[in-house]
Structures are given as C-alpha cells and as structure tokens.
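Here's a quick tour of a protein chain for anyone just getting started with structures. Have a look at the picture first, then work through the notes below.

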Amino acid sequence: MLSLFSFHPSPKQQRPHVAGFTLVETVLYVTFTALALLLSGTFLLDILHSKATLSAVETVAREAEFAFGEIGLRLASSDTVVAPAPSLTETMLTLSIEGSPVNLFLEEGVLTMTSLSGTEQLTSPEVTVSDLEFTNVASLGTPATVRIRMTLCREVKGTRLTEPICASFHTARGLRTSF
C-alpha cells in the first residue's frame with residue numbers, strides 16, 4: 001500500500017557532504033611544509049654565514065692594505081732606518097724623518113705609530129694584529145729596505161665559526177733614493 005507520507009530522512013540522519021582534508025592528508029601537508037621551512041631556513045643561515053665570513057676576509061685585507069700603505073709612506077719619506085739595524089729583525093721599526101723619530105710597533109693587538117705629532121693607530125680595534133716583524137734587508141752602502149710581516153685576525157660574530165678569520169701578509173718597502 002502506498003503511503004501518503006513518503007519517508008525522507010531528517011537532516012540529522014543525512015550524512016552531509018563534508019569538504020576538506022583527511023587526517024592523513026593534513027599530516028602529509030604539515031610534514032612537507034615543515035621540511036620546506038627547515039631547508040629554506042638552513043639555506044638562509046648558510047647565506048648569512050657566508051656573507052659574514054666574506055665581510056671579515058675583506059676587512060682583514062683592507063686593514064692590511066692600509067697599514068702597509070702608511071708604513072710605505074713613512075719609509076719613503078724617511079731619512080734613515082734607525083732600527084732594526086741591517087740584517088736584523090725586530091718588532092719595532094724606528095725611522096728618522098727630517099731628524100724626528102717615528103716608531104711603528106704593536107700595542108695591545110693594534111699597529112701603532114708614534115711621532116712628535118702624537119700617536120696614531122694604523123689598524124682598527126676590530127682586527128687584531130700579531131706576529132709583527134720588521135727586517136732590515138739592506139746591504140751596506142745601499143738605501144734601507146725593510147721587509148714587513150704581520151698577521152691580522154678578525155672575529156666573525158653571529159656565525160658558527162669558533163676560530164677568527166686570520167691572514168698573514170708580508171711586503172718589502174724601501175727608503176726614497178735621491179739622485
């Protein structure tokens with residue numbers, strides 16, 4: 001017999017069509033996202049580390065170039081090399097410029113120059129100078145030539161490096177010659 005009332009399930013009995021992700025899909029998406037963030041974070045940290053290291057290397061080279069330039073200017077304008085004597089090596093260079101003494105030496109890791117006009121630091125405090133040596137390589141009767149050797153180091157802050165960036169530099173500079 002046909003009923004006048006047909007059966008339709010109530011809204012509570014109907015299974016609604018649910019749009020979205022299953023638990024497995026959500027776990028996979030979270031895992032892939034976390035992995036992508038981890039890899040990109042590591043990549044960015046490596047870039048920052050490389051930039052800090054490069055900056056330290058450039059600073060060390062720039063400081064050495066400036067120091068050698070200043071020493072070369074003083075040597076070129078000096079009358080004589082007072083110390084070290086020919087064939088000797090010392091940690092202090094003493095020049096005579098127009099009869100006035102000029103001393104170049106290491107003071108608490110900073111290359112320092114003293115003259116009658118005062119004291120001047122030739123390297124900045126952000127680098128540390130060590131192993132400073134001046135060798136007078138002149139022969140008797142020739143203008144003095146001084147071999148200069150030093151090591152400069154700079155700490156690399158904010159990176160995984162525990163050792164500072166260091167480089168050793170050497171050059172030879174001579175007195176001016178008059179003809």
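Let's start with one cysteine: C153 is buried, because its relative accessible area is 15% and the cut-off for buried is under 20%. Keep in mind that this is a predicted model. We'll follow C153 to its disulfide partner, then look at a neighbourhood in the strands, and finish with the sheet and the chain as a whole.

**The disulfide**

- How many disulfides does the structure hold? There is 1, and it links C153 with C166, with the two sulfurs 2.0 Å apart.
- The link between C153 and C166 is right-handed, with 115° about the S-S bond.
- C153 sits in strand β8 and C166 in strand β9 (residues 165-174), so the bond ties together parts of the chain that are 13 residues apart in sequence.
- Is C166 buried or exposed? Neither label quite fits: C166 counts as partly exposed because its relative accessible area is 40%, and that class covers values between 20% and 50%.

**Strand β8 and its partners**

- β8 covers residues 145-154.
- Why can we call β8 largely enclosed by the rest of the structure? Because 7 of its 10 residues are buried.
- On one pairing, β8 runs antiparallel to β7, and 7 bridges join them.
- Two examples of who faces whom: T128 is opposite C153 of β8, and S130 has T151 of β8 as its bridge partner.
- β8 also pairs with β9, again in the antiparallel sense, over 10 bridges.
- In that pairing, L152 is found opposite A167 of β9.
- β7 (residues 128-136) has a link to β2 (residues 89-90) as well: the two run antiparallel and share 2 bridges.
- Here E90 is the residue that stands opposite F134 of β7.

**A close look at T151**

- T151 is another resident of strand β8.
- T151 is buried, as its relative accessible area is 8% and anything under 20% falls in that class.
- Which side chains make polar contacts with the side chain of T151? One is D131, at 3.3 Å, and another is S168, at 2.9 Å.
- Leaving out residues up to four places away in sequence, T151 touches T128, V129, S130, D131, C166, A167 and S168.
- Notice a familiar name among those neighbours: C166 is the cysteine joined to C153 by the disulfide.

**The open sheet and the helix**

- What is the order of the strands in the open sheet? Its 5 strands line up as β1-β3-β4-β5-β6, with antiparallel pairing.
- β1 (80-83) and β6 (118-121) are the edge strands, so called as each pairs on one side only.
- Going from one strand to the next, the twist averages 25°.
- Helix α1 (residues 23-76) packs on this sheet and touches β1, β3, β4, β5 (110-115) and β6.
- The direction of α1 makes about 45° with that of β3.
- Inside the sheet, β3 (residues 93-97) and β4 (residues 100-107) form an antiparallel pair with 5 bridges.
- One spot to find in that pair is T94, which stands opposite N103 of β4.
- At the β6 edge, you can look for G118, which is partly exposed with a relative accessibility of 31%.
- G118 and V102 are 16 residues apart in sequence, and their C-alpha atoms are 9.8 Å apart in space.

**Stepping back to the whole chain**

- The chain has 1 helix and 9 strands.
- Starting at the N terminus, the elements come in the order α-β-β-β-β-β-β-β-β-β.
- What share of the chain's 179 residues counts as buried? The figure is 31%.
- If you take contacts between residues at least 6 apart in sequence, 48% of them join residues at least 24 apart.
- The accessible surface of the chain is about 12,500 Å², and 62% of that surface belongs to carbon and sulfur atoms.

Technical notes
Residues are numbered from 1 along each chain as its sequence is written. This is a predicted model: local features need pLDDT of at least 70, side-chain atom pairs count only at pLDDT 80 or more; totals for chains, interfaces and linings use all residues. Side-chain values use heavy atoms; hydrogens and water are left out. Two strands pair if DSSP finds at least two bridges between them. Helices (H or I, at least four residues) and strands (E, at least two) are DSSP runs, numbered from the N terminus. Axes are lines fitted to C-alpha atoms, for helices over the stretch in contact, and angles run from 0 to 180 degrees between N-to-C directions. Contact means heavy atoms within 4.5 Å. Buried means under 20% relative accessible area, exposed over 50%, partly exposed in between (1.4 Å probe, protein chains only). A polar contact is a pair of N or O atoms within 3.5 Å; within protein, one must be able to donate a hydrogen and the other to accept it, and residues adjacent in sequence count only if both atoms are side-chain atoms. A disulfide is a pair of cysteine sulfur atoms within 2.5 Å. Accessible areas come from the Shrake-Rupley method with a 1.4 Å probe; for residues, only the protein chains shown count as cover.
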